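Work through the exercises below with the sequence and the model side by side. Each task is followed by a solution in steps.

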Amino acid sequence: MEMFLMGLCMAVFGMGIAAVAFGAATRSESSDSAVQPALSLVKADAAAHFFSDRVAAPPTVPPAPAWPVPIEVLLLQIENHVRMEQAAAESFVAFPTQALLHSKTSSPFVN
Amino acid sequence: MTYDLLNGLLSAEAEQVLGLGTRLIVPSGTELFRLGDPADRLFLTERGRIRLTLPMQVRGREEDIFVEERSPGQTLGWSALIPPYRFTLTATATLREAEVIALPREALREYLAANPAAGYKIALNLAVVIGHRLQLFQTMWLREMQRTVEVHS
């Protein structure tokens with residue numbers, strides 16, 4: 001009986017060690033990527049090498065510049081600028097003076 | 001309706017000139033003529049408004065930029081009377097439908113040659129239309145030049 005219990009304890013102990021070893025082995029595998037520094041990104045213009053384990057990133061499209069105003073608004077601003085300039089020019093042509101020639105308008109393009 | 005091109009003409013003369021033309025309906029947003037098109041007709045605006053535009057590069061795209069607007073009674077398309085007889089702007093009806101009277105160049109020339117008194121008045125009126133445009137754009141050009149000089153000096 002004592003021999004049987006001793007054997008059982010040895011068996012349980014051995015299984016425990018095996019379980020810990022298995023857990024350690026699987027944990028170290030999953031944590032490798034977290035511990036290791038991340039692979040530096042391959043430049044988009046670098047050609048992918050056949051035997052390289054790094055994969056070239058697809059060519060990146062340069063992001064569209066962020067314009068301060070939509071083009072429709074810009075076109076409207078241009079039209080308003082032309083109208084204001086024309087009105088100023090009409091005033092000058094009707095009564096030509098140096099002051100009227102260089103009169104200011106409220107156009108955002110000149111302020 | 002009075003037309004700037006027919007100022008000072010006797011009513012019979014004005015009727016004769018208008019009789020040379022054809023009335024055209026220009027639906028909203030439709031081009032009456034385009035920059036570079038052969039110019040063989042002069043137009044009198046009868047109803048609605050016509051926008052005159054020029055192409056300009058805006059953010060890498062070609063856009064028609066507003067230059068002037070013609071309202072009823074005003075003349076447009078005088079490139080039809082001046083070599084090389086090509087339109088130098090694009091004309092489009094605005095948000096409302098427009099109506100114009102199209103005067104063919106050859107018919108107008110024949111009339112002016114046969115009626116020199118009326119032809120003289122029309123030539124003077126045309127000079128006023130062209131001269132006004134020149135004065136306006138000369139002034140606008142100078143204003144822009146002044147700003148350019150201020151920015152770069």
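Helices (H or I, at least four residues) and strands (E, at least two) are DSSP runs, numbered from the N terminus. This is a predicted model, in which local features need pLDDT of at least 70, side-chain atom pairs count only at pLDDT 80 or more, and totals for chains, interfaces and linings use all residues. Residues are numbered from 1 along each chain as its sequence is written, and chains are lettered from A and ligands numbered from 1 in the order in which they are written.

**Exercise 1. Describe the secondary structure and burial of chain A.**

Step 1. Chain A has 3 helices and 0 strands. Read from the N terminus, its elements run α-α-α.

Step 2. Apply the burial classes: a residue is buried if 20 or more other C-beta atoms lie within 10 Å of its own, exposed if 12 or fewer, and partly exposed in between, with C-beta atoms placed from the backbone. Of the 111 residues in chain A, 3% are buried.

**Exercise 2. Describe the contact between chain A and chain B, and give the scores of the model.**

Step 1. Two residues are in contact if their C-beta atoms, placed from the backbone, lie within 7 Å. On this basis 17 residues of chain A touch 14 residues of chain B.

Step 2. The element of chain A that gives the most to this side is helix H2 (residues 71–94), with 13 residues.

Step 3. Sort the chain A side by class, where Ala, Val, Leu, Ile, Met, Phe, Trp, Tyr, Cys and Pro count as nonpolar, Asp, Glu, Lys and Arg as charged, and the others, Gly among them, as polar. The result is 12 nonpolar, 2 polar and 3 charged residues.

Step 4. The model has ipTM 0.85 and pTM 0.71. For chain B, the mean pLDDT (the predictor's confidence in each residue, from 0 to 100) is 95, and 100% of the residues reach 70 or more.

**Exercise 3. Trace the strand pairing in chain B.**

Step 1. Two strands pair if DSSP finds at least two bridges between them. An open sheet of 4 strands in chain B has the order E1-E8-E3-E6, with antiparallel pairing. Its edges are strand E1 (22–26) and strand E6 (75–76) of chain B, each of which pairs on one side only.

Step 2. E1(B) is joined to strand E8 (residues 98–104) of chain B by 5 bridges, and the two run antiparallel. B:Leu24 has B:Val100 in E8(B) as its bridge partner.

Step 3. Turn to strand E7 (residues 90–93) of chain B, which pairs with strand E2 (residues 31–33) of chain B in the antiparallel sense over 2 bridges. Here B:Glu31 is bridged to B:Thr92. Strand E4 (residues 50–58) of chain B also runs antiparallel to E7(B), joined by 4 bridges, and B:Ile50 has B:Ala93 as its bridge partner.

Step 4. Helix H2 (residues 105–114) of chain B lies across strand E3 (41–47) and E8 of chain B, at about 60° to E8(B). Axes are lines fitted to C-alpha atoms, for helices over the stretch in contact, and angles run from 0 to 180 degrees between N-to-C directions.

**Exercise 4. Why is B:Arg23 classed as exposed, and which residues does B:Arg23 contact?**

Step 1. B:Arg23 lies in strand E1 of chain B. B:Arg23 is exposed because 12 other C-beta atoms lie within 10 Å.

Step 2. Apart from neighbours within four places in sequence, B:Arg23 is in contact with B:Glu46, B:Glu99 and B:Ile101. B:Glu46 is 23 residues away along the chain, and the two C-alpha atoms are separated by 8.6 Å.

**Exercise 5. Which elements of chain B supply the largest nonpolar core?**

Step 1. A nonpolar core is a set of buried Ala, Val, Leu, Ile, Met, Phe, Trp, Tyr and Cys residues joined through C-beta atoms within 7 Å. The largest has 25 residues, and B:Leu32, B:Phe43, B:Leu44, B:Ile50, B:Ala91 and B:Val100 have the most contacts inside it.

Step 2. At least two residues each come from E2, E3, E4, E7, E8 and helix H3 (116–152) of chain B. E8(B) gives the largest share, 4 residues.

Step 3. Beyond four places in sequence, the contacts of B:Ile50 include B:Leu32, B:Ala91 and B:Ala98.

**Exercise 6. Locate the backbone features in the loops of chain B.**

Step 1. The peptide bond from B:Pro83 to B:Pro84 is cis, with omega near 5°. B:Pro84 lies in the loop between E6 and E7 of chain B.

Step 2. B:Tyr85 lies in the loop between E6 and E7 of chain B and has a positive phi, near 60°. B:Tyr85 counts as partly exposed, with 13 C-beta neighbours inside 10 Å.

Step 3. B:Arg59, in the loop between E4 and strand E5 (61–70) of chain B, has phi near 50°, a positive value in a residue other than glycine. B:Arg59 is exposed, since 11 other C-beta atoms lie within 10 Å.
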